[in-house]
Amino acid sequence: MKTDRTIGFKQIFQWGVLPLLAIAYPIVAHLAAASTEPDFLDVLVAVTPLSCLAFLMAWRSSRRKTMLVVCLAGVGLLYAASGWLLIHYRWVFLLEHAGLYALLCWTFGNTLQRGQVPMITGFARMVHGELSKALLSYTRWATWAWTAYFGGVSGLSLMLFWLTPIETWSTFANLLGGPLLALMFAGEYAARCLALPAVDRAGPLEAIRAYRQASSRHRTGQP
């Protein structure tokens with residue numbers, strides 16, 4: 001009974017709470033970043049994603065107690081520096097947006113080096129197993145496309161932050177980030193449909209399912 005209840009809570013969180021947060025947070029972040037009279041609530045909005053990520057990583061760490069203590073100490077440091085953060089909190093938003101896309105650009109681009117498996121090729125193998133020559137070629141091209149997309153968004157974010165009013169940057173970073181990502185997924189899927197036969201295609205849900213299965217096997221040590 002307890003297991004069923006836990007699974008139920010997980011499903012509610014994954015399909016109810018997470019989508020709601022994905023919609024609500026960009027709006028709240030835009031209002032905080034573009035605020036003409038910043039307050040500590042705006043600072044809290046800015047530091048929440050990084051803080052949640054740090055606590056999540058600490059919770060999953062093999063040294064959970066130690067890492068949680070480190071995270072709590074970090075929260076204390078943030079509180080001690082709250083005056084400085086109130087003046088510079090928009091830099092936190094920039095770090096989260098441009099930094100995340102730069103990291104994704106480096107992560108995808110690094111797999112394009114000689115001897116490495118392109119990122120999209122690895123995802124495709126989780127779905128299809130053995131890949132045809134056409135799919136191998138396409139997935140390498142797709143990895144290049146995603147690398148360019150992530151790098152372009154990061155660079156444009158930096159440029160808008162420096163050269164335009166903060167409202168313009170925040171609109172791009174917070175409000176247009178999701179729609180632009182959805183357009184990129186749609187464009188890449190359209191290209192896949194044009195370039196590959198039906199047997200070599202997989203929809204986003206199939207890819208997500210295969211990735212989760214592979215991750216589950218990796219955690220449990222299964223081949």
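Which side chains meet in a salt bridge? They belong to Glu188 and Arg192, with 2.7 Å from N to O. Keep in mind as you look around that this is a predicted model. The protein chain has 9 helices and 0 strands, so what follows is a tour of helices, one pair of charged side chains and a patch on the surface.

**The overall build**

- If you read along the sequence, you get the pattern α-α-α-α-α-α-α-α-α.
- The protein chain has 223 residues, and buried ones make up 28% of them.

**The salt bridge**

- Searching the whole structure turns up 1 salt bridge, and the partners are Glu188 and Arg192.
- Both partners sit in helix α8. Glu188 and Arg192 are 4 residues apart there, which is about one turn of the helix.
- Here's the general idea: side chains of opposite charge can pair when their charged atoms come close.
- Is Glu188 buried or exposed? Glu188 has a relative accessible area of 8%, so it counts as buried, since the cut-off for buried is under 20%.
- Arg192 comes out at 15% relative accessibility, so Arg192 is buried too.

**How the helices cross**

- Start with α5 (residues 119-128) and α6 (residues 133-163): their axes come within 7 Å and cross at roughly 135 degrees. That angle makes α5 oblique to α6. The crossing of α5 and α6 is right-handed.
- Next, take α2 (residues 40-60) and α4 (residues 82-110). Their axes come within 9 Å, with a crossing angle of roughly 45 degrees. α2 and α4 are therefore oblique to each other, and their crossing is left-handed.
- Now look at α4 and α6, whose axes come within 8 Å and cross at roughly 160 degrees. Because angles over 145 degrees count as roughly antiparallel, that is the label for α4 and α6. The crossing of α4 and α6 is left-handed.

**A residue to find in α5**

- Phe123 is a handy residue to pick out in helix α5. With 31% relative accessibility, Phe123 counts as partly exposed.
- How far apart are the C-alpha atoms of Phe123 and Thr139? They are separated by 8.9 Å, while along the chain the two residues are 16 residues apart.

**The nonpolar patch**

- Which residues form the nonpolar patch on the surface? They are Ile23, Ile27, Leu31, Leu175, Leu176, Leu180 and Leu183, and together they have about 650 Å² of accessible area.
- Two helices, α1 (2-33) and α8 (177-195), each supply at least two residues of the patch. The largest share, 3 residues, comes from α1.
- α8 is also the helix that holds Glu188 and Arg192, so if you've found the salt bridge you already know where to look for part of the patch.
- One of the patch residues, Leu175, has its place in helix α7 (residues 166-175). Leu175 has a relative accessible area of 33%, so it is partly exposed. Residues need over 30% relative accessible area to be part of a patch, and Leu175 meets that with its 33%.

Definitions and conventions
Residues are numbered from 1 along each chain as its sequence is written. This is a predicted model: local features need pLDDT of at least 70, side-chain atom pairs count only at pLDDT 80 or more; totals for chains, interfaces and linings use all residues. Side-chain values use heavy atoms; hydrogens and water are left out. Patches are made of residues with over 30% relative accessible area and no salt bridge: like charges are joined within 9 Å, nonpolar side chains (Val, Leu, Ile, Met, Phe, Trp, Tyr) within 5 Å. Accessible areas come from the Shrake-Rupley method with a 1.4 Å probe; for residues, only the protein chains shown count as cover. A salt bridge is a side-chain nitrogen of Lys or Arg within 4 Å of a carboxyl oxygen of Asp or Glu. Buried means under 20% relative accessible area, exposed over 50%, partly exposed in between (1.4 Å probe, protein chains only). Axes are lines fitted to C-alpha atoms, for helices over the stretch in contact, and angles run from 0 to 180 degrees between N-to-C directions. Angles under 35 degrees count as roughly parallel, over 145 as roughly antiparallel, 65 to 115 as roughly perpendicular and the rest as oblique. A crossing is left-handed if the near helix is turned anticlockwise from the far one by less than a right angle, and right-handed if clockwise.
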